[in-house]
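Reader: I'm new to this one, and I'd like to go through it slowly with you. Could you show it to me before we start?

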Amino acid sequence: MSTFLLIVALTAVTYFTRIIMIVLIGKTRLTPRMAQVLNLTVPAVFMAIVAPVILTSAGALNLTVVNARIPAALVAAVIAFRTRSMALTIGAGMLTFWLWRFLQ
Amino acid sequence: LNSILTPRAQFLDGMRAQLPTLAGVIPFGLAAGAYTANVLNSAPGAIALHAAMFAGRGQMIAVQMLDEGAPLLLLMLAALIVNLRNMVYAAGLAPHINHLSPRWRAFLAFFIVDTVFAFTIERLRRDSASAAAATRHFYLLGSGVFTFVVWTAAGIIGAVFGQRIPGSWGLELVPQLAFIYVLSGNLRTRTNVIAGMAAGLVATAFAWLPLQLGLFAGVLAGMAAGMLAGQREAGT
């Protein structure tokens, strides 16, 4: 597959997700049902992305103490809820990750 | 107080609003650029995709699937599903840019990403009720352009020098932590928590499937669970 075609296709699909609601909302109103379904994509997509990266190694569940991503994610979640700061969330999470690895 | 803001002042304020996101955007951009250049075996190609798509998660997943030999249509489907959330953001931003010309709206739409939406929407709502309303799209523009420039610069550095970033730094973890931050703001209703839990469980259980099928299953399961929970909550 040519890189050019890849870039055009992926860019077009992504831009579609950005422009479609802007175009539609000018013409029609979002039904409450549609708004509800759309809103669910945010937690569903993010959790479906994050959970496997944190909890699995090479596709298999890894809940062992070797997996430093778990304590890092837990610390990040606590800091995120407490501080509402993105920089602190990432900083605390990475620090936990490095420390955990270092201490093993 | 700040009742009338010039476009320039709005633009600069918008840039400033994005400063806290640099901790996420820079490492994510580096990692995405490096990974993409590695798979495409081309730094210029990786940089072009990185800048044009301007959607890190969709880029990472599509490139990973490409590496597994998936056909283009599946890659497009993955990019579509992972970026569906842009529709939520666009719907939230629409009232603030609807008064603009189609060309302006089409241009601003390009800058819709998680962090731009999350760090602009409150101010846009506040401005919409004040004399600053007329210039508030420049706030959105400043945020978007700033994020785009930082994202692209990080991608270029990642694509060119990426092979020298040691894997032990765990940079691939940074975007996950940024998503945990976004989730912390989103998981505040019971319906969203149920949707998130179902999505995470199913995606983890099927993480061994090829071509990101576990991710698709997780998203579908999460949305189905959320819709069921939402119906029950509505008392029907």
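Author: Before we talk about open space, it helps to fix a term: a pocket here is an open set of grid points where a 1.4 Å probe fits, with protein on both sides within 12 Å along at least five of seven lines. Please also keep in mind that this is a predicted model.

Reader: Okay, so how much space lies in the second largest pocket?

Author: The second largest pocket holds about 720 Å³ of space.

Reader: And which residues lie nearest its centre?

Author: Those are B:Tyr89, B:Phe117, B:Ala118, B:Ile121 and B:Glu122, out of 27 residues that line the second largest pocket. Two or more lining residues each come from helix 2 of chain A and, in chain B, from helix 6 (85–97), helix 8 (114–118), helix 9 (121–128) and helix 11.

Reader: Which element gives the most to that lining?

Author: Helix 9 of chain B does, with five residues. Sorted by class, the lining of this second largest pocket has 16 nonpolar, five polar and six charged residues.

Reader: What about the largest pocket, how much space is in there?

Author: About 950 Å³ lies in the largest pocket, and 36 residues line it, with A:Val53, B:Arg57, B:Gln64, B:Glu172 and B:Gln176 nearest the centre.

Reader: Which elements supply its lining?

Author: At least two residues each are supplied by helix 2 (32–55) and strand 1 (56–57) of chain A, and by helix 2 (22–40), helix 4 (56–67), helix 11 (173–186) and helix 13 (213–233) of chain B. By class, the lining of the largest pocket consists of 22 nonpolar, 10 polar and four charged residues.

Reader: Switching topic, how many residues does each chain bring to the contact?

Author: Chain B brings 84 residues and chain A brings 62 residues. The area buried between the two chains is about 6300 Å², and carbon and sulfur atoms give 79% of that area.

Reader: Which residues of chain B lose the most area to chain A?

Author: On the chain B side they are B:Met87, B:Leu177 and B:Tyr181, which together account for 10% of what that side buries.

Reader: How many salt bridges and polar contacts are there between the chains?

Author: The rule finds zero salt bridges across the interface of chain B and chain A, while 10 residue pairs, both at pLDDT 80 or more, are in polar contact. Helix 11 of chain B gives the most to the side of chain B that touches chain A, with 13 residues, and by class that side has 56 nonpolar, 23 polar and five charged residues.

Key
Residues numbered from 1 in each chain as written. Chains lettered and ligands numbered in written order. Predicted model: local features only at pLDDT ≥ 70, side-chain atom pairs only at ≥ 80, totals over all residues. Heavy atoms only, no water. 1 Å grid on protein atoms, 1.4 Å probe; cavity = no way out; pocket = protein on both sides within 12 Å on 5 of 7 lines; lining within 4 Å. Points joined across faces, edges and corners; volume = space filled by probe spheres on them. Helix = DSSP H or I, 4+ residues; strand = E, 2+ residues; numbered from the N terminus. Nonpolar A, V, L, I, M, F, W, Y, C, P; charged D, E, K, R; others polar. Contact = heavy atoms within 4.5 Å. Buried area = accessible area lost by both parts, 1.4 Å probe. Salt bridge = Lys/Arg side-chain N within 4 Å of Asp/Glu carboxyl O. Polar contact = N/O pair within 3.5 Å; in protein donor to acceptor, adjacent residues only side chain to side chain.
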